[in-house]
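User: I would like to go through this model with you, one question at a time, with the reasoning set out before each answer.

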Amino acid sequence: AKAKGKNQVVFCNEEVKAQTTRRLRLTNGLYRALDRNELFVMYQPQMCTETQKVCGFEALVRWNNPEYGLVQPLFFIPLAEQTGLIRPIGMFVFEQACRQLIAFQQTCQERLTMSVNRSVVQLKDARIVENMKKILKKTGVDVHALQIEITESATFLDEPILLERIFELKQLGLSLAVDDFGTGHSSFSRLKTYPIDQLKIDIEFVQGITTGSDKDKALIKSIIQTAKNLGMEVLAEGVETEEQLQFLSLHGCDKVQGFYFSKPLKVEEIIANNQQIAF
Ligand code: C2E
Ligand code: CA
Ligand code: CA
Ligand code: CA
């Protein structure tokens with residue numbers, strides 16, 4: 001037998017070591033990222049399907065790391081969660097988004113909305129509501145134009161602490177969206193007991209429109225129908241083609257977001273294209 005192949009083990013160790021080193025360096029870097037202004041927020045337009053005009057934005061955080069370049073949130077948000085840095089980072093993103101919403105409302109269109117992502121880990125933080133409240137007060141933003149997106153996971157509606165948070169956030173006047181809806185297998189019937197304002201159809205199903213997946217199409221139709229029945233708004237994300245847009249529009253999807261209209265933009269790009277973007 002090749003036994004436990006010494007080489008193999010060594011190889012694995014090297015690989016793991018390299019990964020660990022990279023993680024460590026990034027984690028150390030993350031501690032300084034906020035102070036050094038390396039974090040910033042990009043904004044992706046959300047469109048009203050019927051009018052095809054921008055009705056709001058989703059705030060998406062980015063990290064400009066001096067050594068590794070642009071680091072994606074899917075990589076550094078988990079690091080931030082493990083280190084506790086997610087608290088200051090989350091507050092930074094929220095404050096930026098509030099201030100930017102005010103600016104967009106003043107220069108572009110006064111009824112624009114702003115959607116901010118919050119992970120389950122963030123929502124478990126006992127101080128999150130209090131901290132967000134401070135920022136709301138400090139910025140003077142119209143809280144009713146703000147939305148929080150929470151990614152659907154299998155259990156998220158079963159955790160009492162999350163439910164409590166959700167109700168607290170609602171009490172502040174914020175709207176609530178379930179992100180990546182359809183991927184977490186939470187049952188439709190449970191949804192009705194929660195104060196959810198919007199379902200965001202996951203990109204996976206939207207892409208299924210183009211690949212001709214009848215199952216994905218059926219799922220989209222049933223998500224839209226369910227949302228309507230429960231009095232919720234529905235937004236499809238990851239819309240990249242005319243065909244996808246047509247399908248979603250035909251079946252009554254309220255809002256759309258994706259590269260077909262625009263990728264996430266820097267504030268300067270939005271300001272510069274102000275005239276070309278239909279608000
Ligand atoms: P998400 O909330 O599902 O965000 C949508 C992701 O899809 C974004 O990636 C966006 O750039 C990308 N996207 C948008 N339109 C299209 C499209 O038409 N086609 C394709 N292929 N992709 C599209 P991004 O910005 O890398 O964000 C990844 C995830 O990181 C987000 O997924 C969100 O869960 C998380 N995230 C981003 N910012 C924050 C934040 O401030 N806090 C927390 N907790 N999570 C964040
Ligand atoms: Ca999101
Ligand atoms: Ca999503
Ligand atoms: Ca996602």
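User: In which helix is arginine 165 found?

Analyst: This is a predicted model, and the placement given here is read from it. Arginine 165 belongs to the run of residues 160-172, which is helix H6.

User: Is arginine 165 buried or exposed, and which residues does arginine 165 touch?

Analyst: Buried means under 20% relative accessible area, and arginine 165, at 5% relative accessibility, therefore counts as buried. Leaving aside residues up to four places away in sequence, the residues that arginine 165 touches are Leu123, Lys124, Asp125, Ala126, Ile128 and Val129.

User: Which residues are the protein donors of the calcium ion (ligand 2), and how are the donor residues spaced in sequence?

Analyst: The donor atoms lie 2.1 to 2.3 Å from the calcium ion (ligand 2), and they come from Glu58 (OE), Asn117 (OD1), Glu149 (OE) and Asp179 (OD). Glutamate 149 sits in strand E5 (residues 146-151) and aspartate 179 in strand E6, so this pair ties together parts that are 30 residues apart in sequence. Both glutamate 149 and aspartate 179 are buried. Written along the sequence, the spacing of the donor residues is E-x58-N-x31-E-x29-D.

User: Which residues supply the protein donors of the calcium ion (ligand 3), and how far apart in sequence are aspartate 180 and glutamate 237?

Analyst: The calcium ion (ligand 3) has as its protein donors Asp179 (OD), Asp180 (OD), Glu237 (OE) and Glu237 (OE), at 2.1 to 2.5 Å. Glutamate 237 is in strand E8 (residues 233-237), whereas aspartate 180 is in strand E6, and the pair links distant parts of the chain, 57 residues apart.

User: Why is glutamate 237 counted as buried?

Analyst: The cut-off for a buried residue is under 20% relative accessible area. Glutamate 237 falls under that cut-off and is therefore counted as buried, its relative accessible area being 12%.

User: Which residue coordinates both the calcium ion (ligand 2) and the calcium ion (ligand 3), and how far apart are the two ions?

Analyst: A bridging residue has to appear as a donor to both ions, and Asp179 is listed among the donors of the calcium ion (ligand 2) as well as among those of the calcium ion (ligand 3). The bridge between these two ions is thus aspartate 179, and the ions are 4.0 Å apart.

User: Which residue bridges the calcium ion (ligand 4) and the calcium ion (ligand 3), and how far apart do these ions lie?

Analyst: The calcium ion (ligand 4) is coordinated by Asp180 (OD) and Asp180 (OD), at 2.9 Å. Aspartate 180 has its place in strand E6 (residues 175-181). The residue that bridges the two ions is aspartate 180, and they lie 3.6 Å apart.

User: How many aromatic pairs does the structure hold, and what is the geometry of the pair formed by tryptophan 63 and phenylalanine 76?

Analyst: The structure holds five aromatic pairs. Tryptophan 63 lies in strand E2 (residues 53-65) and phenylalanine 76 in helix H2 (residues 73-83), so their pair ties together parts that are 13 residues apart in sequence. Tryptophan 63 is buried, with a relative accessible area of 0%, and phenylalanine 76 is likewise buried, with a relative accessible area of 0%. With 5.7 Å centre to centre and 80 degrees between the planes, the pair is edge-to-face.

User: Over which rings does arginine 22 lie?

Analyst: The charged end of arginine 22 is placed over the ring of tyrosine 68, 5.2 Å from its centre. Arginine 22 also lies, at 5.0 Å from the ring centre, over the face of phenylalanine 75.

Key
Residues numbered from 1 in each chain as written. Chains lettered and ligands numbered in written order. Predicted model: local features only at pLDDT ≥ 70, side-chain atom pairs only at ≥ 80, totals over all residues. Heavy atoms only, no water. Donors = N, O, S within 2.8 Å, 3.2 Å for Na, K, Ca; no water. Helix = DSSP H or I, 4+ residues; strand = E, 2+ residues; numbered from the N terminus. Buried < 20%, exposed > 50% of the residue type's maximum accessible area, 1.4 Å probe, protein only. Phe/Tyr/Trp six-rings, centres within 6.5 Å; stacked < 30°, edge-to-face > 60°. Lys NZ or Arg CZ within 6 Å of the ring centre and 35° of its normal. Contact = heavy atoms within 4.5 Å.
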